Amino acid sequence: MNQKERRDAGMVYISDSEVMEEQRVCRRILQRLNTMDVSDFEGIQRVVGELLNHPENAMINPPFYCDYGKHIHVGKNFFANYNCTILDVAPVTIGDNCQIAPNVSIYTAGHPLHPAARNTLYEYGVEVTIGDNVWIGGNVVITPGVHIGSNTVIGAGSVVTKDIPDWVVAAGNPCRVIRRITEEDRRYFYKDQEFDDEAWETVKDAK
């Protein structure tokens with residue numbers, strides 16, 4: 001097997017010239033994205049589509065960084081805010097209607113613990129999956145192999161090292177479940193502040 005095949009099979013691999021050529025292609029797209037007129041929303045969205053296999057209604061506020069782009073699979077209405085980094089050595093799969101705040105990092109890449117093994121230049125990737133309707137707060141770090149359930153919120157500054165279930169608020173370092181999200185939460189937009197009557201007419205029946 002060549003190194004790309006080893007990487008894509010979930011085996012340890014070395015970033016040889018063929019692997020780096022794939023990254024070179026990605027970096028050319030990122031160069032265009034990260035140097036565009038930041039008010040050209042339509043142009044940014046076109047380049048994001050080129051990078052991420054043309055998902056439905058995806059938007060990223062540059063700068064954005066990733067290794068390949070083609071290993072990132074996002075559902076409809078994906079949004080990532082400024083300075084997001086996704087190291088997509090292994091697949092990163094993100095569901096519909098997900099929002100990522102500024103300075104979020106998602107890592108699938110890793111290196112052996114023992115220095116002798118690490119110095120061989122072997123590395124690895126372990127996939128990350130994120131469900132539908134997930135909000136990832138600012139400055140969150142998601143480590144290799146993590147699965148985050150649907151309808152969950154990850155609080156700002158969290159370091160997510162273990163799986164997080166559906167329908168919870170989770171936060172901290174290491175990230176842990178704080179509480180369940182219930183239907184009662186629908187009425188509030190921030191702590192104990194309720195939607196006004198006009199906004200509530202839209203929110204109350206939203207899916």
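**Exercise 1.** In this predicted model, find the residue of E13 that Ser105 stands opposite, then place the two strands in their sheet.

*Solution.*
- Step 1. Ser105 stands opposite Val141 in E13.
- Step 2. Strand E8 covers residues 105–107 and strand E13 covers residues 141–142; 2 bridges join them, and they run parallel.
- Step 3. E8 and E13 belong to an open sheet of 5 strands with parallel pairing, in the order E2-E5-E8-E13-E16.
- Step 4. The edges of this sheet are strand E2 (64–66) and strand E16 (159–160), each of which pairs on one side only.

**Exercise 2.** Determine how many bridges join E17 to E18 and whether the strands run parallel or antiparallel; then examine their hairpin.

*Solution.*
- Step 1. Strand E17 (residues 168–171) is joined to strand E18 (residues 176–180) by 4 bridges, and the two run antiparallel.
- Step 2. Ala170 has Val177 in E18 as its bridge partner.
- Step 3. The hairpin has 4 residues between the strands, and Gly172 takes a positive phi near 110° there.

**Exercise 3.** Give the strand order of the open sheet of 7 strands, and locate the pair E12 and E15 within it.

*Solution.*
- Step 1. The order is E1-E4-E7-E12-E15-E17-E18, and the pairing is mixed.
- Step 2. Strand E1 (59–60) and E18 are the edge strands, each pairing on one side only.
- Step 3. Strand E12 (residues 135–136) and strand E15 (residues 153–154) run parallel, with 2 bridges joining them. Ile136 has Ile154 in E15 as its bridge partner.
- Step 4. The mixed pairing can be seen by setting the parallel E12 and E15 beside the antiparallel E17 and E18.

Note on methods:
Residues are numbered from 1 along each chain as its sequence is written. This is a predicted model: local features need pLDDT of at least 70, side-chain atom pairs count only at pLDDT 80 or more; totals for chains, interfaces and linings use all residues. Side-chain values use heavy atoms; hydrogens and water are left out. Two strands pair if DSSP finds at least two bridges between them.
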